[in-house]
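Work through the exercises below with the sequence and the model open. Each task is followed by a solution in steps.

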Amino acid sequence: MDALTALKKHPKFPFSGYREDEEQFLMSQMYWLELFKSVAQQTKDSWTGWMAPLPDRDGSLIFSTLCPELARGVIFNQYTPTVDDVLHDQGGNYHPFVAWVAEFGDAQDGPVIEHLTINSEISAGCEPLCLRLLTAYVVEKRSRPEMEEMIRTLEEQLYGPVVSPP
């Protein structure tokens, strides 16, 4: 049994208590690591740990990785709805999955790292979305414009057309 399958069999999966429970926080980090590794193993690129998680354990920057040779990174922020969150399909503004591509750093101060950021809950519905974007970015090495178009299309399928403010 691979590590990702084993994590999904853990009695506390999907680790929604990660904010309060150190074990669930660590298990969440392992989940994102193993999900990433399941995709990255399809390449010969060398990915390494990047930024340390924030100490408040709110899920922001729960896991990140960097490929220095490609100047590319991936950041995972874990979402879990709170009691006040209302799902998008129920008229609220909670979106269990959101992603974007941005840059980190300043060319004058050091390398600029392009990165895919995925904000997602751990769920059967979100995992395939994460895998789809990771495969496009890490394995297929899609360009930023290609990724942005892919993300826009995906989010429109999930949440409807994006309406820009006037």
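Helices here are DSSP runs (H or I) of at least four residues, numbered from the N terminus. The model is a predicted one.

**Exercise 1. Find where Lys37 and Glu34 lie, and state how their side chains meet.**

Step 1. Locate the pair. Both Lys37 and Glu34 belong to helix 2 (residues 22-40). They are three residues apart, about one turn of the helix.

Step 2. Check the distance. A salt bridge needs a side-chain nitrogen of Lys or Arg within 4 Å of a carboxyl oxygen of Asp or Glu. For Lys37 and Glu34 the N to O distance is 3.3 Å, and the two side chains form a salt bridge.

Step 3. Add the accessibility. Buried means under 20% relative accessible area, exposed over 50%, and partly exposed in between. Lys37, at 39%, is partly exposed, while Glu34, at 17%, is buried.

**Exercise 2. Which residues form salt bridges with Arg152, and how are they placed in the helix?**

Step 1. Take Glu149. Its salt bridge with Arg152 has closest N and O atoms 2.5 Å apart. Glu149 and Arg152 are three residues apart in helix 4 (residues 144-159), about one helical turn.

Step 2. Take Glu156. Here the closest N and O atoms of the salt bridge with Arg152 are 3.0 Å apart. Glu156 and Arg152 are four residues apart in helix 4, again about one turn.

Step 3. Compare with the accessibility classes. Arg152 is partly exposed at 35% relative accessibility. Glu149 is partly exposed at 39%, and Glu156 is partly exposed at 29%.

Step 4. Set this against the whole model. The salt-bridge count is 10. Elsewhere, Lys12, Asp21 and Glu23 are linked in a salt-bridge network.

**Exercise 3. Describe the surroundings of Arg72: is the residue buried or exposed, and what does its side chain reach?**

Step 1. Place the residue. Arg72 is in strand 3 (residues 72-78). With a relative accessible area of 10%, Arg72 is buried, because that value is under 20%.

Step 2. List the polar partners. The Arg72 side chain makes a polar contact with the side chain of Glu114 at 3.3 Å. The Arg72 side chain also reaches the backbone oxygen of Tyr137, at 2.7 Å.

Step 3. Widen the view. Leaving out residues up to four places away in sequence, Arg72 touches several others, including Trp47, Thr65, Ile113, Lys141 and Ser143.

Step 4. Check Glu140. Arg72 and Glu140 are 68 residues apart along the chain, and their C-alpha atoms are separated by 13 Å.

**Exercise 4. Why do Cys126 and Cys130 not form a disulfide?**

Step 1. State the cut-off. A disulfide is a pair of cysteine sulfur atoms within 2.5 Å.

Step 2. Apply it. The cysteine sulfur closest to that of Cys126 is in Cys130, 6.3 Å away, so the distance is too far for a bond. Starting from Cys130, the closest cysteine sulfur is that of Cys126, at 6.3 Å.

Step 3. Note the setting. Cys126 is buried at 4% relative accessibility, and Cys130 is buried at 1%.

Step 4. Conclude. The search of the whole structure finds zero disulfides.

**Exercise 5. In what order do the strands form the sheet, and which helices pack on the sheet?**

Step 1. Read the order. Five strands make an open sheet in the order 1-2-3-5-4, with mixed pairing.

Step 2. Find the edges. Strand 1 (48-49) and strand 4 (97-104) each have a single partner strand, so one side of each is left without a neighbour in the sheet.

Step 3. Examine one pairing. Strand 4 and strand 5 (residues 113-120) run antiparallel, paired over eight bridges. Val101 stands opposite Leu116 in strand 5.

Step 4. Add the helices. Helix 3 (residues 127-139) packs on the sheet and touches strand 3, strand 4 and strand 5. The direction of helix 3 makes about 170° with that of strand 5. Helix 4 also packs on the sheet, touching strand 4 and strand 5, with its direction at about 160° to that of strand 4.

**Exercise 6. Where is Thr43, and what does this residue contact?**

Step 1. Place the residue. Thr43 is in the loop between helix 2 and strand 1, and is buried at 16% relative accessibility.

Step 2. Find the polar atom pair. A polar atom of the Thr43 side chain lies 3.3 Å from the backbone nitrogen of Asp45.

Step 3. List the other contacts. Apart from neighbours within four places in sequence, Thr43 is in contact with Val138, Val139 and Lys141.

Definitions and conventions
Residues numbered from 1 in each chain as written. Predicted model: local features only at pLDDT ≥ 70, side-chain atom pairs only at ≥ 80, totals over all residues. Heavy atoms only, no water. Helix = DSSP H or I, 4+ residues; strand = E, 2+ residues; numbered from the N terminus. Buried < 20%, exposed > 50% of the residue type's maximum accessible area, 1.4 Å probe, protein only. Contact = heavy atoms within 4.5 Å. Polar contact = N/O pair within 3.5 Å; in protein donor to acceptor, adjacent residues only side chain to side chain. Pairing = 2+ DSSP bridges. Axes fitted to C-alpha atoms, helices over the stretch in contact; angles between N-to-C directions.
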